[in-house]
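I opened this notebook to record what I looked up, one topic at a time. The entries follow below the structure.

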Amino acid sequence: MCGIVGYIGEDNCVPIILTGLKRLEYRGYDSAGIGMLVNDKCYIQKSVGKVAVLEEILEAGAVSSSIGIGHTRWATHGGPSSENAHPHFNEDRSISLIHNGIIENYSVLKKELLAEGYQFVSETDTEVIVHLIDKFVKKGNSLFRATRKALAEVEGAYGLCVISNKEPDKIVVARKGSPLVIGIGNGANFVASDVTPLIEHTSKVIYLDDNEVAEVYKDKIRTKTITDEEIIKEIQEVKMNLDEISKGGYKHFMLKEIMEQPESIRNSMRGRFLYEFGTARLGGLRTVQDRIANSKRIIISACGTSWHAGLVGEYMLEQFTGIPVEVEYASEFRYRNPIVDKNDTMIFISQSGETADTLAAMLEAKRRGALVLGLVNGVGSSIARESDAGVYIHAGPEIGVASTKAFTSQLVVLALITLLIGRKKHMSQIDGQKIIDEMQTIPDKVEEILKLNEQIEKIAEEFVDAKNFLYLGRGYNFPVALEGALKLKEISYIHAEGYPAAEMKHGPIALIDENMPAIFLAPKDSVYDKIISNIEEVKARKGKIIAIASVRDNTIDSLVDYTIKIPDTIRMLMPILNVIPLQLLAYHIAVKKGLDVDQPRNLAKSVTVE
């Protein structure tokens, strides 16, 4: 959620940190701050609101330093305020610290520190850490050692950076449960909560793992565990460029990412078909594919949009592999003593690969002996590193908070996994080849749907003032109804619910009137007639109806108020096509309401704390 940027080198850190914090704005935040060493003193500047506010203050003061740490905060303990913004500092301001995560035992630690005479100026849990470090420094420990000793007393999650005017040649960083990356430069080094602030400076990075602490100098890095064991870290290469994280001429990142889906879907499939054998080639699963095929059960676990992708995966895998599949909210999984063992395969889906709930659920499943697979977009992310095996979705950077292209790429990769395991079970070579043939048409069909953008924008004009929406679908399209409703809620703040269409009669139909729009996912499939019956029920109650329908459907237009016609495909791939109009509809409604679609209120791109 929160963002971290740090720099140590020869240049002025201020523009480097501010630019880095802007690159992290997609994560969501309510305040920002920077800490530097200026004339052998800790200089701290904080503000509520956007990074631009902090930038104006710093430009007015014209300060500079060759070492600094910057932070964007999303309020957890204590509301948005200058006092609660990071960096936090000790009493004499010799130490300043920024922190992502939550300290679960902060109230106990705070009580002890208050009894020892420490004064607190904020409501945050973070301030406890800086006073703990100060306590150990006063006992004669170096900043590096004091930080390790302090963190040994801390329970919870953290990614943090610490600087001190007593040791002005280093930044001390640590990680447990909240991501932290060190960028290796030429005569300078960088720290960030993800790689996006680093890529304009270096492609060489070190990913810190849990319970690791590092001293970052301008020309070297020293890493230890919290328990004082030396570690040699591997330097990795990041394959990302600035063009991928810019808007590319679009008004919003969200629209850019919707429009990128033909290419992101191609990238998710590229090189992964073995057409001759009617199967998929997934190198990340090569050593475990037989174990997956022989699993007693497959459990998919995720949060939010990724959970909806998991629901579609359930339909795919059960239809074509015959293996029972369950889909679990990662946020609930480990709190109910789940029954999981070595005969189970668990697939954990996360765009960032850093989702705290999903990572925690994965570690619990791993502890219980299940085969754990990661399905992520974030290369080198925690879930990717902790899983037994896995598949990258290769969607490219997704900056908009509301996930779009990552969702469709997740569906593509779930289809590939289904193809791979289905062929190891009962699927014939010919059926596998038919699925491959159809998957290869999907990017072109998505391009056709995107040409309907202006039509969808006109429909959006009619519903800007709506207070509620109902999204209805059956079978494979029920999860799409959930996802469409989520997109509208996330960025337009309109209340929306997704339901299986048949469930409408079991409660939601009571809400239908002339002011309640309903969106039906109505492809020409085996339950088409049932969907038409549901449409008639809404129409009889004067509800406004939008239908996502097949291009070959010549009868539905007379039954609904608005129709969006899209190409046909096989049932398992229909969600990839059906969700595109719903993404565009949500986008245009939110834009017409004058809302910030890339950074909707109260939301963060990557939820790295529980």
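**Cysteines, a parallel sheet and two helices**

I began with Cys2, which is buried, with a relative accessible area of 9%. I kept in mind throughout that I was working from a predicted model.

I then asked how many disulfides the structure holds, and the count came back as zero. To see why Cys2 stays unbonded, I looked up its closest cysteine sulfur and found it in Cys161, at 12 Å, which is too far for a bond. The cut-off for a disulfide is a pair of cysteine sulfur atoms within 2.5 Å. Cys42 gave a like result, because the closest cysteine sulfur to its own is that of Cys13, 12 Å away and again too far for a bond. Cys42 is buried as well, with a relative accessible area of 11%.

Cys13 led me on to helix 1, residues 13-23, where I listed the buried residues as Cys13, Val14, Ile16, Ile17, Leu18, Gly20 and Leu21. Next I wanted to know what covers the buried residues of helix 1; the cover includes strand 1 (3-8), strand 2 (31-38), helix 2 (51-61), strand 4 (67-73) and strand 10 (189-192). At the N-terminal end of helix 1 I noted a cap by Asn12, with a side-chain oxygen lying 3.2 Å from the backbone nitrogen of Val14.

I turned to an open sheet of five strands, whose order I wrote down as 19-18-20-21-22, with parallel pairing. Its edges are strand 19 (325-329) and strand 22 (389-392), each of which pairs on one side only. On average, and with direction ignored, neighbouring strands of this sheet are turned by 20° against each other. Looking at one edge in detail, I found strand 21 (residues 371-376) running parallel to strand 22 and joined to it by four bridges, and I recorded Ala389 in strand 22 as the bridge partner of Leu373.

For the helices on this sheet, I noted that helix 11 (residues 356-367) packs on it and touches strand 18, strand 20 and strand 21, with its direction at about 165° to that of strand 20. Helix 9 (residues 304-321) lies across strand 18 (297-302), strand 19 and strand 20 (344-350), and runs at about 175° to strand 19.

My last entry concerns helix 16 (residues 478-492), whose 15 residues reach 21 Å from first C-alpha to last, close to the 21 Å expected. Helix 16 is mostly covered, since 14 of its 15 residues are buried. Just after helix 16, I found Tyr493 with a positive phi of about 65°.

Conventions. Residues are numbered from 1 along each chain as its sequence is written. This is a predicted model: local features need pLDDT of at least 70, side-chain atom pairs count only at pLDDT 80 or more; totals for chains, interfaces and linings use all residues. Side-chain values use heavy atoms; hydrogens and water are left out. Helices (H or I, at least four residues) and strands (E, at least two) are DSSP runs, numbered from the N terminus. The expected span of a helix is 1.5 Å times one less than its number of residues. Buried means under 20% relative accessible area, exposed over 50%, partly exposed in between (1.4 Å probe, protein chains only). Two strands pair if DSSP finds at least two bridges between them. Axes are lines fitted to C-alpha atoms, for helices over the stretch in contact, and angles run from 0 to 180 degrees between N-to-C directions. Contact means heavy atoms within 4.5 Å. A polar contact is a pair of N or O atoms within 3.5 Å; within protein, one must be able to donate a hydrogen and the other to accept it, and residues adjacent in sequence count only if both atoms are side-chain atoms.
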